[in-house]
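Thank you for making time for this; I would like to walk through a handful of local features in one protein model. Please keep the sequence and the structure in view while I talk.

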Amino acid sequence: MAMEVTQILLSAQSADGNVRTAAEQNLKQFQEQNLPAFLLSLSVELSNDASPTESRRLAGIILKNSLDAKDAARKEGLVQQWVSIDISIKTQIKDLLMRTLGSSVSEARHTSSQVVAKIASIEIPRREWPELISRLLSNMTQPESPAPLKQATLEALGYICEEISPQDLEQDQVNSVLTAVVQGMNQTSNGPEIRLSAVSALYNALDFAQTNFENEMERNYIMKVVCETAVSKEAEIRKTAFECLVSISSMYYEVLEPYMETLFTLTANAVKSDEEPIALQAIEFWSTICDEEIEIQEEYVCDDETGTGAPHSHFIQKALPLLVPMLLETLLKQEEDQDQDDNVWNLSMAGGTCLGLVARTVGDSIVPLVMPFVQENIVKADWRSREAATFAFGSILEGPSLEKLSPLVNSGLEFLLKAMKDENSHVKDTTAWTLSRIFEILHSPSGTYSVISPTNLQSIVMVLLESIKDAPNVAEKVCGAIYYLAQGYEDAGTSSSLFSPYLGDVIASLLLTADRTDASNLRLRASAYETLNEVVRCAKIPETSSLIGHLLQAIMTRLAQTMEIQILSSEDREKQSDLQALLCGVLQVIIQKLSGLEETKPIIIQAADQIMYLFLQVFSCRSSTVHEEAMLAIGALAYATGPGFAKYMPDFYKYLDMGLQNFEEYQVCSISVGVVGDVCRALDKDILPYCDGIMTHLLKDLSNSALHRSVKPPIFSCFGDIALAIADQFEKYLPYAMPMLQGASEICSQLDINDEEMSEYGNQLRRGIFEAYSGILQGFKNSKAELMMPYAAHLLQFIEAVFKDKERDDAVTKAAVAVMGDLADALGPNMRILLKDCTFHVAFLGECFESEDEQLKETATWTQGMIGRIMVS
């Protein structure tokens with residue numbers, strides 16, 4: 001059988017398609033018929049030093065893929081498969097894998113260490129395979145253990161730490177693992193392969209070292225070894241050691257004080273003279289320190305007198321006189337073509353990013369350290385100096401006070417505008433980026449420190465509209481500058497009109513930019529349309545409505561033209577789809593803008609038939625990306641046209657139907673759910689003929705374990721929208737909707753609130769549930785309100801549970817208080833007994849009245865009135 005498995009694995013990699021397909025079928029059949037024997041055979045193959053490397057490699061890959069998957073539902077299925085295998089087979093597989101760690105073939109050792117970790121990730125949290133860690137540690141401590149076995153063992157320990165959580169290991173196990181790993185980093189007794197595996201394992205194990213870092217002696221030893229490893233002869237080892245330091249700076253910031261002098265010397269030397277990958281990690285160390293200190297400053301106001309608050313060691317402030325010159329020096333190390341690639345990450349980019357974080361950390365203190373560098377280099381003949389000076393200036397705009405920055409920007413703005421004609425593309429690229437930062441931070445017409453005034457606005461617009469014709473990378477940054485220039489005039493009172501005279505030229509330039517064919521990628525076109533959206537969104541209407549009306553026609557024409565693109569390949573289809581998505585996005589913004597004012601809404605009403613026809617044509621192209629954008633735009637059109645949207649429903653419903661069933665592409669499904677709400681609000685009772693189909697899909701979606709959880713809260717909100725629209729006609733859906741709502745409220749109490757992501761999801765889910773109840777109660781209020789009486793007690797219990805959770809967000813509080821009012825309003829005196837038994841509502845409303853949120857206070861006042869009315873009636 002071993003020979004047969006070897007041959008099948010080799011055949012599965014054959015260049016001959018027929019041979020390969022047959023072998024793949026054989027493997028699949030073996031796996032489906034007898035999974036335990038299949039996995040055992042693969043383990044035997046991986047462990048067999050007599051087998052070819054190719055067959056062992058594939059055996060390892062299939063083993064790994066049989067234990068883990070990216071998709072959460074599939075992963076859980078694979079875990080259950082492994083758990084259900086007979087223990088004797090699992091023991092044989094694990095023994096073979098442990099033996100393979102000592103193989104003479106490095107690839108087999110490496111794969112085996114990964115598979116060991118995958119099994120460990122399943123079994124260790126279940127308190128199974130208790131001897132694993134001790135067996136691995138014995139490989140490290142046995143005097144006769146060969147170097148390859150030690151190296152593979154360290155790899156396995158590193159992968160295990162990556163796969164499991166700190167609470168899965170006992171502290172004495174953690175101590176032993178850290179001891180083995182740190183000893184593996186010893187330069188005198190171990191070769192480079194072992195030391196690299198050891199320092200990589202330490203990187204993954206740092207999360208487990210909380211207790212060890214609290215012990216000064218242990219911490220000193222770990223830091224000593226990491227710092228020594230950071231100056232090893234081998235570049236890869238040095239890089240990984242610096243990665244450990246970056247991780248330590250984030251996890252254990254509060255204990256770094258004694259080591260900072262050494263760490264500054266290490267990082268400064270690396271930045272100055274080491275290879276770029278190591279220098280980048282050295283800069284990342286300081287960026288991470290900035291992140292920590294920014295977070296402390298934002299979240300905890302540290303009171304030095306009382307000693308309360310988070311520990312703030314002010315490392316950046318203390319290092320400032322040496323740190324800033326080091327970072328400024330990196331800005332001069334640009335690459336010739338770095339402006340052509342947004343994904344480039346080099347010393348100059350990292351240094352500028354870190355400088356920006358330093359500015360956010362220390363504020364005004366950075367300005368006198370950076371400005372001499374800017375003034376000295378901005379006028380030099382060498383392009384690198386001019387670009388570095390501009391980059392430095394742009395990087396420190398966020399952090400220092402507007403009072404400090406405003407005079408500098410005012411005196412330098414004219415210079416920067418002239419620099420948009422610099423002979424060097426790098427300089428123009430960075431100058432345009434710096435201008436966009438200035439407009440984002442220091443452009444507020446009604447503010448004291450705005451750098452843009454009616455006197456310089458014309459020259460600024462002229463420079464930008466000229467520069468947008470420059471090289472694609474420069475034009476893209478100019479789009480960003482126009483974006484923030486337009487944004488500054490949004491809701492700026494009488495100053496909003498200042499930008500209106502330039503709107504026509506700006507729109508024309510952005511449309512020309514979107515049509516450019518000289519860009520090697522599609523980023524410029526996307527930037528031009530994104531900027532166009534912001535220009536429209538911030539425009540002052542009705543004074544610019546005629547221009548926006550003309551733009552509406554131009555975009556509709558462009559969207560119609562996309563239907564005529566010849567599709568010869570999947571690439572053509574993708575290009576068509578991307579362009580349609582961008583154009584639908586512009587239409588959505590225009591529809592929202594013009595329908596927001598009764599005076600301009602007729603422009604949309606008159607064009608609605610043509611717009612809807614285009615959207616339906618876009619749907620017929622069957623692309624999920626376009627589907628999303630067109631759906632969103634249709635939601636806006638439904639809001640604009642109101643009851644008039646009914647005539648589009650017969651043609652549109654089939655696409656809405658498809659969207660609601662598209663649980664694989666969950667964003668499409670989620671957007672479709674949102675559009676159901678828009679259409680309900682537009683049509684009211686006219687949505688009724690479509691409700692059976694919609695409710696069927698929504699209920700199926702809720703029951704579908706494969707659907708991404710983020711779609712479920714909007715579905716509950718959608719129940720409320722439907723109930724509000726069709727009122728007492730929702731009765732027939734109650735037996736199906738209510739168990740779903742009650743089940744979801746039970747799930748809320750089981751979520752891990754210590755997990756930030758799950759806590760956020762819990763808030764979304766509770767808000768969705770409350771919105772559903774509010775819609776249903778309001779829908780039944782005028783007739784059949786008694787249908788909700790059997791569910792009132794459960795709902796009150798749920799509200800009380802939410803009241804007791806002090807981690808809830810404001811939106812949940814508002815929704816909970818609103819639904820209490822809806823209960824009292826809809827059910828009237830019937831609620832009196834329940835409310836007498838549940839007195840928590842008094843404290844809940846009291847809490848709301850103490851809030852600074854005026855809307856919440858208004859809702860609480862209304863709810864108090866509703867409850868008061870039934871208690872005295």
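A727 sits in the loop between α34 (712-726) and α35 (734-750), where helices, taken as H or I runs of at least four residues, and strands, taken as E runs of at least two, are DSSP runs numbered from the N terminus. Although A727 is not a glycine, its phi is positive, at about 50°. A727 counts as buried because its relative accessibility is 17%, and for this talk buried means under 20% relative accessible area, exposed means over 50%, and partly exposed is what falls in between, with a 1.4 Å probe and protein chains only.

Before I go on, a word on the source: this is a predicted model, in which local features need pLDDT of at least 70 and side-chain atom pairs count only at pLDDT 80 or more, while totals for chains, interfaces and linings use all residues. Residues are numbered from 1 along each chain as its sequence is written, and side-chain values use heavy atoms, with hydrogens and water left out.

Which other residue has a positive phi without being a glycine? D684 does, with phi near 50°, and D684 is found in the loop between α32 (666-683) and α33. D684 is partly exposed, because its relative accessible area is 43%. As background, most residues other than glycine have a negative phi, and most peptide bonds are trans. On the second point, the peptide bond from I541 to P542 is cis, with omega near 10°, and P542 lies in the loop between α26 (523-538) and α27 (545-562).

Let me turn to helix α33, which covers residues 691-703 and includes D692. What does D692 touch, once residues up to four places away in sequence are set aside? D692 touches K732 and Y733, where contact means heavy atoms within 4.5 Å. Both partners also engage the D692 side chain through polar contacts: the one to the side chain of K732 is 2.9 Å, and the one to the side chain of Y733 is 2.5 Å. By a polar contact I mean a pair of N or O atoms within 3.5 Å, where, within protein, one must be able to donate a hydrogen and the other to accept it, and where residues adjacent in sequence count only if both atoms are side-chain atoms. D692 itself is partly exposed, at 40% relative accessibility.

The neighbouring position brings us to cysteines, and here the count of disulfides in the structure is zero, a disulfide being a pair of cysteine sulfur atoms within 2.5 Å. C354 is in no disulfide, and the nearest cysteine sulfur, that of C290, is 4.9 Å away. Why is C691 not bonded to C680? The sulfur of C680 is the closest cysteine sulfur to that of C691, but at 5.9 Å the two are too far apart for a bond. C354 is buried at 0% relative accessibility, and C691 is likewise buried at 0%.

Next, a buried polar residue: H312 lies in the loop between α16 and α17 (315-330), and its relative accessible area of 14% is why H312 counts as buried. The side chain of H312 makes a polar contact of 2.9 Å with the side chain of Q297, and the H312 side chain also reaches the backbone nitrogen of H314 at 3.1 Å. Leaving out residues up to four places away in sequence, H312 touches Y253, E293, I296 and Q297.

As for the interior, the largest nonpolar core has 300 residues, and V358, F652, I687, I722, F730 and I799 are those with the most contacts inside it. Helix α16 (residues 276-299) gives the most to this core, with eleven residues. A nonpolar core here is a set of buried Ala, Val, Leu, Ile, Met, Phe, Trp, Tyr and Cys residues joined through side-chain atoms within 4.5 Å. Beyond four places in sequence, F652 touches M612, L616, F619, M631, I634, F645, V675 and V679.

Finally, helix α21 (residues 402-419) has a kink of about 45° centred on G412, where the bend at a residue is the angle between axes fitted to the seven residues ending there and the seven starting there. G412 is one of the buried residues of α21, which also include L405, V409 and L416, and the buried residues of this helix pack against α20 (383-395), α22 (425-441) and α23 (457-467).
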